[in-house]
Number of protein chains: 2
Amino acid sequence: MRSVSIIGAGQTAFGEHWNESFRDLIGKAGLMALESSGIEGKTIQAIYGGTMASGRFVGQEHIGALIADELGLTPLPATRLEAACASGGVALRNAYISVASGLYDVVAVGGVEKMTEISVEEAGFALGGAGDQETELFHGATFPALYALLARKHMEAFGTTEEQMAQVAVKNHYNAMFNPNAQFHREITIQDVMNSGYVASPLKLLDCSPISDGAATVILCETSKAKKISENAIEILASTQASDSLALTGRKSLTELMATKVAAKLDFEEAHLKPSDIDLAEVHDCFTIAEILAIEDLGFFKKGDGGKATEKGKTSLKGEIPINPSGGLKACGHPVGATGIKQAVEMFFQLNGLAKERQVKDAKIGLTHNVGGSGATAVVHIFKKAQVK
Amino acid sequence: MRSVSIIGAGQTAFGEHWNESFRDLIGKAGLMALESSGIEGKTIQAIYGGTMASGRFVGQEHIGALIADELGLTPLPATRLEAACASGGVALRNAYISVASGLYDVVAVGGVEKMTEISVEEAGFALGGAGDQETELFHGATFPALYALLARKHMEAFGTTEEQMAQVAVKNHYNAMFNPNAQFHREITIQDVMNSGYVASPLKLLDCSPISDGAATVILCETSKAKKISENAIEILASTQASDSLALTGRKSLTELMATKVAAKLDFEEAHLKPSDIDLAEVHDCFTIAEILAIEDLGFFKKGDGGKATEKGKTSLKGEIPINPSGGLKACGHPVGATGIKQAVEMFFQLNGLAKERQVKDAKIGLTHNVGGSGATAVVHIFKKAQVK
């Protein structure tokens with residue numbers, strides 16, 4: 001297996017795009033990534049795309065070919081991957097494998113979702129397909145309800161408070177103020193979160209990530225070639241993935257996501273690193289409790305300490321390990337299939353020192369963590385600035 | 001890139017499964033493949049699954065994790081791939097790449113679809129997502145209509161007749177008589193096809209593949225290890241994929257599928273073979289015209305001669321190149337995500353001489369051809385019996 005690097009990245013603004021179609025969004029992000037990498041489209045050898053539920057959101061499947069078509073890159077092999085909200089993450093990982101294998105030298109991998117074309121009720125059903133249709137969604141357990149169960153359990157086991165969870169949202173909204181591509185540019189307070197209505201107790205409206213449209217793309221290249229092409233190459237040190245039961249009922253524990261723990265353990269082994277080596281991370285905060293679970297399960301904080309660490313500012317932009325400098329899913333937005341790629345886009349900007357006002361100081365090694373459903377898939381990547389020449 | 005072989009194969013019957021769920025079907029095919037390979041589940045290192053539109057058919061996404069969960073194989077990395085009706089094909093190809101790369105030694109790859117849970121009208125809409133939603137389906141062009149355009153063009157250009165197309169259905173129904181897993185066990189005549197009602201002229205009901213439930217799975221293993229594990233290992237000599245415009249309006253020609261031609265050319269180069277070296281093929285006959293296009297575009301017959309060759313029996317079980325001994329999509333059935341894997345299952349049986357009454361004589365090298373939509377994706381594989389020891 002060869003070393004693989006990212007040589008270019010592009011992202012549309014996340015939000016409500018009434019005037020741009022699914023096609024427009026992924027086309028735009030693709031062109032931005034090509035421009036960022038400085039290569040021409042004809043250099044690309046294969047295309048990978050991550051989308052969760054385009055069939056329900058826009059009545060469109062066959063997403064790989066659609067992307068190749070939109071970018072004028074037929075007859076390249078073009079493939080869609082899906083793992084619910086980790087669709088971007090698994091697309092990135094399979095694209096990575098195709099280059100690491102020696103099969104291709106340069107590939108494009110995008111993620112896209114257009115979620116605002118259908119009603120919120122229909123979107124809730126589409127997203128519910130990330131859990132177990134037969135034992136969860138059919139009985140009314142939508143995603144806020146599933147994460148509310150995880151939150152309640154964490155509160156009981158470790159004394160995590162609603163205010164601590166609210167602080168995740170406050171921090172991520174603050175970070176998003178400095179991200180021009182973020183869906184929300186509005187600072188919020190703990191009191192704002194506490195006063196927002198309950199969606200599924202203890203989770204309130206401002207504990208939840210939004211419904212979003214958007215796309216993101218990165219260009220992958222074999223590292224020795226990448227260093228010649230781009231001064232901005234960032235190397236993928238590790239790429240791992242794990243699964244767990246689709247339904248919460250199948251889990252051994254509700255205070256941790258086992259798939260995250262397994263993927264993270266393998267990832268740190270592959271990269272020969274430990275959690276304390278990581279300078280910043282983009283983690284999967286679909287709900288505020290999910291970020292608390294993530295920073296514990298990834299090994300940044302001891303199990304049960306995630307809420308307290310957040311409260312103390314340890315995960316803020318200037319804290320000991322900045323989490324979600326992009327604003328995360330909570331405030332940058334969560335077009336589900338795009339999220340795993342957007343995390344890699346953020347790493348490209350951060351590790352190259354191009355993140356402007358949200359730049360994490362001395363960012364050398366970064367981690368991304370993308371979760372599908374209530375934790376049945378987790379994908380973890382570690383990135384490092386590739387040494388030029 | 002290492003050599004990769006199939007060491008086991010399993011398939012449920014294709015048809016209407018009122019008493020088995022999506023989960024049941026893929027679980028069953030997975031266990032059959034494990035049993036066929038003689039290995040235990042714990043030997044598997046990763047799972048790949050092909051499904052086209054489970055979100056619309058059964059309200060379920062996150063198919064990779066679902067399969068790992070159902071087979072008790074969490075926390076293995078488990079990923080779903082989609083390329084419309086070529087979802088099985090792209091799943092097989094990405095699983096192949098993961099083993100060829102050296103990342104894994106043994107992986108399972110399944111395909112599954114459960115299409116009968118929704119109305120035929122809704123299914124038509126779900127399948128329409130394989131074409132271009134915005135410029136085709138939205139305006140009423142469902143799949144029979146798109147292939148009817150291709151058929152009409154072929155008739156005009158080469159004098160292909162409705163009777164020649166009918167012969168594809170007659171042949172495939174005949175072959176399916178000997179396949180216990182086929183959806184239809186009923187011989188039909190050219191007159192039956194001609195008398196069946198027009199769905200989209202010139203295509204009649206019996207020119208169309210059915211709506212089906214079903215699943216299929218194969219186990220892939222690095223070849224040197226495969227030969228030690230199984231006497232039935234069949235080697236994948238080549239695995240290629242190509243794309244084309246999603247909508248028919250974007251095509252340079254309507255008398256050929258360019259994606260098939262590109263993928264086939266690359267495939268024969270990779271395998272160091274030519275069309276005349278192939279002993280049998282499973283090709284994508286979603287409509288009878290599709291088989292005629294396929295046998296021309298794959299190079300078995302000159303462009304325009306597919307209809308005549310079929311009429312003369314050259315593609316029958318005892319013809320010069322038997323096409324679709326399984327019964328094809330037309331008569332074995334077409335649970336869309338499962339089809340690309342079922343084709344590989346058929347090769348496993350044929351090349352091992354285990355296909356009983358439908359056995360192709362002296363079958364040594366076989367080809368599978370899986371198409372997404374109206375030809376925006378094509379995946380081609382070539383297989384050969386691996387020399388044992």
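How far apart should the ends of helix H14 (residues 336-351) of chain B be, at 1.5 Å a residue? I started there, keeping in mind that this is a predicted model.

**Entry 1: helix H14 of chain B.** I took the 16 residues of H14(B) and got an expected span of 22 Å. I then looked up the end C-alpha atoms, which are 24 Å apart, and this agrees. I checked the axis next. H14(B) bends by about 25 degrees at B:Lys342. I also checked burial. Of the 16 residues of H14(B), 16 are buried, so the helix is largely enclosed by the rest of the structure. Just after H14(B), I noted a positive phi of about 70 degrees at B:Gly353.

**Entry 2: the two copies.** I laid chain B on chain A. The RMSD is 0.0 Å, after a turn of 180 degrees and a shift of 0.0 Å along the axis. I recorded this as the relation of a two-fold axis. The same surface serves both copies, since 100% of the contact residues of chain B recur in chain A.

**Entry 3: the contact.** I found 57 residues from chain B and 57 residues from chain A in the contact. On the side of chain B that touches chain A, the elements giving two or more residues include helix H4 (87-100), strand S8 (234-243) and helix H10 (258-271) of chain B. H3(B) gives the largest share of that side, six residues. I sorted the residues of that side of chain B into 29 nonpolar, 21 polar and seven charged.

**Entry 4: strand pairing.** I looked at strand S3 (residues 78-82) of chain A. This strand and S3(B) pair in the antiparallel sense over three bridges. For A:Arg80, I found the bridge partner B:Glu82 in S3(B).

Terms used: Residues are numbered from 1 along each chain as its sequence is written. Chains are lettered from A and ligands numbered from 1 in the order in which they are written. This is a predicted model: local features need pLDDT of at least 70, side-chain atom pairs count only at pLDDT 80 or more; totals for chains, interfaces and linings use all residues. Copies are superposed by least squares on the C-alpha atoms of residues with pLDDT of at least 70 in both. Two residues are in contact if their C-beta atoms, placed from the backbone, lie within 7 Å. Helices (H or I, at least four residues) and strands (E, at least two) are DSSP runs, numbered from the N terminus. The expected span of a helix is 1.5 Å times one less than its number of residues. The bend at a residue is the angle between axes fitted to the seven residues ending there and the seven starting there. A residue is buried if 20 or more other C-beta atoms lie within 10 Å of its own, exposed if 12 or fewer, and partly exposed in between; C-beta atoms are placed from the backbone. Ala, Val, Leu, Ile, Met, Phe, Trp, Tyr, Cys and Pro count as nonpolar, Asp, Glu, Lys and Arg as charged, and the others, Gly among them, as polar. Two strands pair if DSSP finds at least two bridges between them.
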